Amino acid sequence: MHEHKCYSACPKNTYETEDYNCADCHSSCMTCNGSSESQCILCRAGRFAHEGRCLNACPDGFFGDKKRHECMACPIGCATCSSGSICTGCHSNWTLNKKARCIANGSNNCDESEYYENGHCHTCHSTCETCTGPTEHECLKCASPLLLQHQRCVNECDEGYYMEVGACAKCLHTCTQCVSRMNCTACQKGLQLQSGECRTTCADGYYSDRGTCAKCYLSCNTCSGPRRDQCVKCPEGWQLAGGECHPECPEGFFKTKFGCQKCHHYCKTCNAAGPLACTSCPSHFMLDGGLCMECLGSQFYDPPTQTCKTCHESCRSCSGPGQYSCVTCAFPLHLDRLNNQCVPCCASDASPEDQSCCHCDKGTGGCINSSPAGKRRVGAEQQLLQFGDEAAAAAAASGTNAGDLGSGQLASLRQVLLGASPTAITVMAISGCLLVVTVFVVIFSVLQKRTRTVFTGVKYNKLATGGTSRTTRISMANGEDDSLQPIVNNSEEEEEDEEEEDEDDGLDRNQEDDHEILDGGSSSRRQQRSGHGRGKQPPPATKTTRFART
């Protein structure tokens, strides 16, 4: 900030302080990094930079370079000079020759590769072509391809120097690296590089990007970044609004001497600051004496007139004029969402086509036909036809003919369906389906019982370890259910009968004969009984299978 104005960078003759203000440089400086006379970076016209100061005249041993605006050192041996090649005075033991150069006394008698000292000529250092002494730091001229840098011959120039006519010349004091006198590649700390020049601030149309000046968006005169909404100053005749430059202030802004200022958030357009300076309002707001007011709950916004108007008397809130634009209703009316109309509940004897009322749900109190999904109205006859068929089918499945219902039962069913809510009708339909499933399961069980396969008994003989045998008979009655347990007959009479038969056959039979199949054993026993004349009738032939088990 400078003189109560904001800038993207401090103007000339000022520098930026730590609190982001712009302070004046010393009177001798054009740009600086502090207020002292020794903190100059660039000098005002007619002055020369020397060791951080801007001088009107350079000290002895230096001359003022008008191109560089710096004090440059005179050639070796010169006490004073007017340029880099013209000496006006020489140091002691040096003589000014006809070419306005200072040469050491006595060196006229020596070769170019020698220097004069103590009345004798001595050879220069091997790196020097001409010199003023024996060391490598006293060269005056270098043999090709070496370069002269501060009286020393080097292969290449050091950082901060550039090559110029067989020698290394020093870069401008604002540069740390350069390729020529006017083309810097890196700048001193705090300076910005722009087009080969080190500056305290970027030129108009550029912004500082990590020490380098980059171009602003094309509509900005000055900026703080590359985007179109980062303008700080606009070209003449353009207006700055929200960081962007426009030919005129856009909607939502009003013009001031500082540019376009944003309107109050209540306003769509305005002519001054504050909520009472609106000239137009956003949608659903009404302009009243410069103030934008939102419509009340019982009002709707009319776009053609940009005013708030009262809803129809049947609506509590609405989206437009008339009785068919209701959003909510006042008690005791209910919203029919099919036509957005507020209507009362229909009487029990009302016609389904009556549009002045709606059939209400006894549970919720709202219109049955007011589903958000937009269902069509279902008349009483349609409900009876839809759900009456399902009830008749359920009755037929359970063995009851729907035609046998008396007129009183049909009337009762119709009355129930008419007064029932959709939830109750749904429960009735599900109950009918469950009844059909139950009847089907019973019929299936009866058919399974009738087609069951007839099983006969199975008889086993159990042989005791002491030579006696025991017969276990398992029999199953024909036509009985599979779940019945087999009847096990272990009566004592049957055991005695078997013991008598074993005595008649003789005790000399081995126990292994008991393992024969019982059909064969029974037939032999019948023959013996008939031979002995006991007079017992053979048992009736039955299809039994016996197994002997020890």
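In this predicted model, R68 is in contact with Y162, K170, C171, L172 and R181 once its neighbours within four places in sequence are left aside. The residue sits in the loop between β7 (62-65) and β8 (70-73), and because its relative accessible area is 6%, under the 20% cut-off, R68 counts as buried.

Among these contacts, Y162, C171 and L172 also belong to the largest nonpolar core, which has 12 residues, including I41, L191, C187 and C198. Strands β21 (175-180) and β22 (183-187) each supply at least two residues of this core. L191, not counting residues up to four places away in sequence, touches I41, T174, C198, R199, T200 and G211.

The whole structure holds 31 disulfides, three of which are set out below.

| Disulfide | S to S distance | Torsion about S-S |
|---|---|---|
| C187 to C198 | 2.0 Å | about -90° |
| C281 to C292 | 2.0 Å | about -95° |
| C345 to C360 | 1.8 Å | -100° |

C187 lies in strand β22 and C198 in strand β24 (residues 197-199), so this disulfide ties together parts that are 11 residues apart in sequence, and both cysteines are buried. C281 and C292 are likewise joined by a disulfide, with C281 in the loop between β34 (278-280) and β35 (285-288) and C292 in strand β36 (residues 291-294); C281 and C292 are both buried. C345, by contrast, is partly exposed, with a relative accessible area of 36%.

An unreviewed UniProt entry lists EGF-like domains that include residues 24-55 and 215-246. Residues 24-55 are 0% helix and 47% strand, with end C-alpha atoms 18 Å apart, while residues 215-246 are 0% helix and 38% strand, with end C-alpha atoms 19 Å apart.

Note on methods
Residues numbered from 1 in each chain as written. Predicted model: local features only at pLDDT ≥ 70, side-chain atom pairs only at ≥ 80, totals over all residues. Heavy atoms only, no water. UniProt positions renumbered as here; feature names shortened; annotations may be inferred. Helix = DSSP H or I, 4+ residues; strand = E, 2+ residues; numbered from the N terminus. Buried < 20%, exposed > 50% of the residue type's maximum accessible area, 1.4 Å probe, protein only. Contact = heavy atoms within 4.5 Å. Core = buried A, V, L, I, M, F, W, Y, C linked by side-chain atoms within 4.5 Å. Disulfide = S-S within 2.5 Å.
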